[in-house]
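Got the viewer open? Let's take a walk through this one together, one selection at a time.

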Amino acid sequence: MTIFKTVRSWMIIATLAVAASPAHANTDTAVSADVTARNETIVKQAFEDWSERGGPFTRVLSPDVEWIVRGSGPYSRTYSGLDSFVNDASAPILSRLSTPLKPVVKKIWAVDDDVIVRFDASATTTTNDTYSNEYLWILPLKDGRVVKSEAFLDMGLYQDLVDSAPTRTN
């Protein structure tokens, strides 16, 4: 079973458990539905902007976001703050792409402040190869901004690109 099937199975179970719990079924249901819809819309619009116009997804990140990349290797770790995420997690890969990384959203799940996005993304590398990876991001939001992320992806593909492609010269 791939990591994405395992994560998806647990996400479905967790979502169903939260939705079925007595604590979830209270008078705050309408408020909860509004928060869920708002957060899902924020993330969906950020992905549409990224995919269709090349807009930076970082615009919805809190300045003090905690970005956790799950997996193994030197880039699988916790990045504290927007600058660390941009400079230490994103730049190593984006600098080795000659075209923008373009996401294709497969599914978005939202419950209260948590939005989960399953997407694929690809781009042309500086060696004219294609970088393509599958992603799953778990994104808790607060006041309309992503405050934390758990990112799941094939870190071997990420590392292969960083190790094999030169950085852009422009």
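## Stop one: a charged pair

Start by selecting Lys-148, which is partly exposed, with a relative accessible area of 33%. Keep in mind as you look around that this is a predicted model. Now add Glu-66 to your selection: the two side chains meet in a salt bridge, 3.7 Å from N to O. Lys-148 sits in strand E6 and Glu-66 in strand E1, so the pair ties together parts that are 82 residues apart in sequence. Glu-66 is partly exposed too, with a relative accessible area of 31%. Why can such side chains pair up? Side chains of opposite charge can do so when their charged atoms come close.

## Stop two: zoom out

Show the whole chain as a cartoon. How many helices and strands are there? You should find four helices and six strands. Starting from the N terminus, they run α-α-β-β-α-β-β-β-β-α. The chain has 170 residues, and 40% of them are buried. Switch to a surface view and you're looking at about 9400 Å² of exposed area, with carbon and sulfur atoms supplying 54% of it.

## Stop three: more salt bridges

The structure holds eight salt bridges. Select Arg-118 next, which is buried at a relative accessible area of 16%. Which residues does Arg-118 pair with? One is Asp-120, with the closest N and O atoms 2.7 Å apart. Another is Glu-134, where the closest N and O atoms are 3.2 Å apart. Arg-118 belongs to strand E4 and Glu-134 to strand E5, so this pair ties together parts that are 16 residues apart in sequence. Glu-134 itself counts as partly exposed, at 37% relative accessibility.

Then pick Asp-49, Glu-52, Arg-53 and Arg-59 all at once: salt bridges link these residues in a network.

## Stop four: helix H4

Select residues 155–164, which make up helix H4; the buried ones are Met-155, Tyr-158, Gln-159, Leu-161 and Val-162. Look down the axis: these residues cover an arc of only 160° around it, which puts them on the same side of H4. A bit of helix geometry helps here: an α-helix has 3.6 residues a turn, so residues three or four places apart point the same way. On the other side of H4 you'll find Asp-163 and Ser-164, both exposed.

What do the buried residues of H4 pack against? Show E1, helix H3 (82–94), strand E5 (130–142) and strand E6 (145–153), and you have the answer. Before you leave, check the start of H4, where a side-chain oxygen of Asp-154 reaches to within 2.9 Å of the backbone nitrogen of Gly-156.

## Stop five: some loops

Jump to Ser-76, in the loop between strand E1 (61–69) and strand E2 (78–80). Is Ser-76 buried or exposed? It counts as buried, at 15% relative accessibility. Its side chain reaches the backbone oxygen of Ser-72 at 3.2 Å. Setting aside neighbours within four places in sequence, Ser-76 is in contact with Val-69, Arg-70, Gly-71 and Met-155. You met Met-155 a moment ago, among the buried residues of H4.

Next up is Asp-112, in the loop between strand E3 (102–111) and strand E4 (114–124). Its phi is near 55°, a positive value in a residue other than glycine. Asp-112 is partly exposed, with a relative accessible area of 25%.

Finish with Asn-128, in the loop between E4 and E5. Phi is positive here as well, near 65°, in a residue other than glycine. Asn-128 is exposed, with a relative accessible area of 66%.

Definitions and conventions
Residues numbered from 1 in each chain as written. Predicted model: local features only at pLDDT ≥ 70, side-chain atom pairs only at ≥ 80, totals over all residues. Heavy atoms only, no water. Helix = DSSP H or I, 4+ residues; strand = E, 2+ residues; numbered from the N terminus. Buried < 20%, exposed > 50% of the residue type's maximum accessible area, 1.4 Å probe, protein only. Areas by Shrake-Rupley, 256 points an atom, 1.4 Å probe, with all protein chains shown as cover. Polar contact = N/O pair within 3.5 Å; in protein donor to acceptor, adjacent residues only side chain to side chain. Contact = heavy atoms within 4.5 Å. Arc of directions from axis to C-beta. Salt bridge = Lys/Arg side-chain N within 4 Å of Asp/Glu carboxyl O.
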